[in-house]
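Here is a short tour for the bench. Have the sequence and the 3D view open side by side as you read.

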Amino acid sequence: MTAALPLHQDFSLKHFNTFGIDAKAAFYLPVSDDDMLDAVRRDPDLSRMPRLVLGGGSNLLLTGDVSGLVLHMSTRGIAVVGEDERFIYVRAAAGENWHQFVLWTLAHGLGGLENLSLIPGSVGAAPIQNIGAYGVETKDSFHSLTAFDFTTGERLTLSAEDCRFAYRDSVFKHELRDRAVILDVTFALPRQWHPNLHYADVAQELSARDITTPDARQVSDAVIAIRTRKLPDPALIGNVGSFFKNPVVPREQRDALLARHPTMVSYAQPDGSFKLAAGWLIDQCGWKGRTLGAAGVYEKQALVLVNRGGAKGADVVALAKAIQADVMSRFSVRLEPEPVFI
């Protein structure tokens, strides 16, 4: 193996995943320089190992030890890289903390990402999951990204179309999952900014603050306040935020469910389907605040599964399966987890 690389063996990942699962990596490499990926590819031993690319560890569930190589992206750097009549283009390294990046854009007078404030994780992970909150997704401000191709050793530039963004999905969960590592992401932030207040929670928070014409910073502050009230701090209670995706069902199924459950929460989609609130479905099944083994459902938000202390990945998996079974039994709706199971 390449002696120059700061490689660690039998490395605990407990403090590198927000669930706080105590699993070990057979080999762990903090990647502080893009060229280190070239060195891994050229190394005859490392290049043959299964790879797990780790960012903020906020969108994965470690179900056991990782037998291969964990590449932990810790690259840094944020800069304005261009502008035109409509947009200012900002590029951030994959290892940058997402929320700190959002705050950087706001500090420089740039709006567009404020609804995504306080989402845990890294910049490099944002396109993979197409992270979203309060009516905004990564794809809405995304311009392009650079990725390292482990197959060819080349650096790829991908557009929004190339990334094939969908609800909590992208090409990086499919064809490029084990092939490409995101190096940096460029966002196009509008010169003429307009607030997105479509979600009632955000509008109500601003109204409670007597703000009628908010700026981007005020929208961010409102989102931070809402998320702080609803979601546990991973530094205090292990979690990955929303554990399940909001299921999307045809109109006919939604109407039939609504007839039986008049208080059910749903949101119309552009294609005529409806997105159901997974948290509401779970709550109706009586799971909010319950515990199964060392894993449980957060008392303030049924969509969040938490580590009560010392939970293993298997505990969380068992809890998730029990919730899925109850929701399917009562509503005939399948819940799909957001985090990646490793």
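## The second largest pocket

Three elements, β5 (66-73), α6 and β13 (238-242), each supply at least two residues of the lining of the second largest pocket. This is a predicted model, so treat the pocket, like everything below, as computed from that prediction. The volume of the second largest pocket is about 650 Å³. Its lining has 30 residues, and the closest to the pocket centre are Thr-18, Asn-97, Pro-120, Gly-121 and Pro-234.

Keep Asn-97 in view, please, for the next stop. Besides lining the pocket, Asn-97 caps the N-terminal end of helix α2. One of its side-chain oxygens lies 3.0 Å from the backbone nitrogen of His-99.

## Helix α2 and its buried side

Helix α2 covers residues 98-107. Which of its residues are buried? They are Trp-98, His-99, Phe-101, Val-102, Thr-105 and Leu-106. These residues lie on the same side of α2 because they cover an arc of only 160° around the axis.

Several elements help to cover that buried set, including the strands β6 (78-83), β7 (87-93) and β12 (180-190). The helices α3 (125-129) and α6 (216-230) also belong to the cover. Helix α6 thus appears twice in this tour, as it also supplies lining residues to the second largest pocket. Just after α2, Gly-109 takes a positive phi of about 75°.

## Salt bridges across the chain

Side chains of opposite charge can pair when their charged atoms come close. In this model the count comes to 17 salt bridges. One of them joins Arg-155 and Asp-38, with the closest N and O atoms 3.4 Å apart. This pair links distant parts of the chain: Arg-155 sits in strand β11 (residues 155-159) and Asp-38 in helix α1 (residues 35-42), 117 residues apart. Are these two partners buried or exposed? Arg-155 counts as partly exposed at 39% relative accessibility, whereas Asp-38 counts as buried at 15%.

Another pair is Arg-191 with Glu-83, where the closest N and O atoms are 2.2 Å apart. Arg-191 lies in the loop between β12 and α5 (200-208) and Glu-83 in strand β6, so the salt bridge ties together parts that are 108 residues apart in sequence. Arg-191 is partly exposed, with a relative accessible area of 37%, while Glu-83 is exposed, at 54%. Strand β6 is also among the elements that cover the buried residues of α2.

## A loop pair and a network

Arg-164 forms a salt bridge with Glu-175, and here the closest N and O atoms are 2.9 Å apart. Both Arg-164 and Glu-175 lie in the loop between α4 (160-163) and β12, so this pair ties together parts that are 11 residues apart in sequence. Arg-164 counts as partly exposed, at 45% relative accessibility.

Salt bridges can also share partners, and in this model such sharing joins Glu-137, Lys-139, Asp-140, Arg-168 and Glu-338 into one network.

## Ala-256 in helix α7

For a last stop, look at Ala-256, which is found in helix α7 (residues 251-260). Ala-256 is partly exposed, with a relative accessible area of 37%. How far apart are Ala-256 and Ala-166 in sequence and in space? They are 90 residues apart in sequence and 26 Å apart in space, C-alpha to C-alpha.

Key: Residues are numbered from 1 along each chain as its sequence is written. This is a predicted model: local features need pLDDT of at least 70, side-chain atom pairs count only at pLDDT 80 or more; totals for chains, interfaces and linings use all residues. Side-chain values use heavy atoms; hydrogens and water are left out. Buried means under 20% relative accessible area, exposed over 50%, partly exposed in between (1.4 Å probe, protein chains only). Helices (H or I, at least four residues) and strands (E, at least two) are DSSP runs, numbered from the N terminus. The arc is that of the directions from the helix axis to the C-beta atoms. Contact means heavy atoms within 4.5 Å. A polar contact is a pair of N or O atoms within 3.5 Å; within protein, one must be able to donate a hydrogen and the other to accept it, and residues adjacent in sequence count only if both atoms are side-chain atoms. A salt bridge is a side-chain nitrogen of Lys or Arg within 4 Å of a carboxyl oxygen of Asp or Glu. On a 1 Å grid over the protein atoms alone, a cavity is a set of points where a 1.4 Å probe fits but cannot get out, and a pocket is an open set with protein on both sides within 12 Å along at least five of seven lines; lining residues have an atom within 4 Å of a point. Grid points are joined across faces, edges and corners, and a volume is the space filled by probe spheres set on the points.
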